[in-house]
Amino acid sequence: MKRVITFGTFDVFHVGHVNILERAAALGDYLIVGISSDQLNFSKKQRYPIYSQQDRTKIISSLKYVNEVFLEESLELKLEYIRKYKADILVMGDDWEGRFDWVKSDCEVIYLPRTPSISTTEIIEVVKQQ
C-alpha cells in the first residue's frame, strides 16, 4: 500500500485545495494530510487563518480523498511526520519546488502544479475590498 502525505493550511477552502488533494490521493492508496496549526500559520504569515484549526481539520477530514488528518506544529518536523506516518510519497504544490528535496532519502517527493488563478490570499483580499 502506497502512503501519500501532504501539508497545508487549507484556509478558506476552495477548488484549488480539492484539486491538489484529489491529485495527491491518486498517487497512492492512503492520503494523510498535515494541517498547519493556527500558531504555525501565524509564524509563517504573521496572521491567523480565517478558520480555526478545528474547523479546517473537520473540513479536510470530511473529504472522500482523505484517510487521515493531523495538526502540523512545526515546519522543521516534516521528516519526523513523514517517518511517523510511514509515507512513501510527499506531495507539495509547485510553489515549494525544490524546498523539500532534502527528504528524498526517506520518500519520493512530487511537486504538483497549483490551480491557476486561485489562492486563499487572493480570495481574502477580494473579500476585504468588497
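## Threonine 6 and the sheet around it

Leaving aside neighbours within four places in sequence, threonine 6 is in contact (heavy atoms within 4.5 Å) with Leu21, Leu31, Ile32, Val33, Gly34, Val91 and Met92. Please keep in mind that this is a predicted model, in which local features need pLDDT of at least 70 and side-chain atom pairs count only at pLDDT 80 or more, while totals for chains, interfaces and linings use all residues. Residues are numbered from 1 along each chain as its sequence is written, and side-chain values use heavy atoms, with hydrogens and water left out.

Threonine 6 sits in strand β1. Strands (E, at least two residues) and helices (H or I, at least four) are DSSP runs numbered from the N terminus. Isoleucine 32, one of the contacts of threonine 6, belongs to strand β2. Both residues appear below; buried means under 20% relative accessible area, exposed over 50% and partly exposed in between, using a 1.4 Å probe and protein chains only.

| Residue | Strand | Relative accessible area | Class |
|---|---|---|---|
| Threonine 6 | β1 | 3% | buried |
| Isoleucine 32 | β2 | 0% | buried |

Again setting aside neighbours within four places in sequence, isoleucine 32 touches Arg3, Val4, Ile5, Thr6, Glu68, Phe70 and Tyr85. From the C-alpha of isoleucine 32 to that of isoleucine 82 is 9.6 Å, though 50 residues separate them in sequence.

Now to β2 as a whole, which spans residues 30–36 and has 7 of its 7 residues buried. Its two faces are both covered: Tyr30, Ile32, Gly34 and Ser36 lie on one side, and Leu31, Val33 and Ile35 on the other.

What flanks this strand? Two strands count as paired if DSSP finds at least two bridges between them. With β1 (residues 3–8), β2 pairs in the parallel sense over 6 bridges, and phenylalanine 7 stands opposite glycine 34. With β3 (residues 68–72), β2 shares 5 bridges, again running parallel. Here valine 33 has valine 69 as its bridge partner.

Stepping back, 5 strands build an open, parallel sheet in the order β3-β2-β1-β4-β5. Its edge strands are β3 and β5 (108–112), each pairing on one side only. From one strand to the next, the twist averages 25° (axes are lines fitted to C-alpha atoms, for helices over the stretch in contact, and angles between N-to-C directions run from 0 to 180 degrees). Helix α1 packs on the sheet, where it touches β1, β2, β4 (89–93) and β5, and its direction makes about 145° with that of β2.

Together, β1, α1 (residues 15–25) and β2 form a right-handed β-α-β unit. Right-handed here says that, with the strands pointing away from the viewer, the path from the first strand over the helix to the second runs clockwise.

Helix α3 (residues 53–61) also meets β2. Its buried residues are Gln53, Arg56 and Ile60. Seen down the axis of α3, these residues fall within an arc of 65°, so they line one face of the helix; the arc is that of the directions from the helix axis to the C-beta atoms. They pack against α1, β2, α2 (38–45) and β3. On the other side of α3, Gln54 and Lys58 are exposed.
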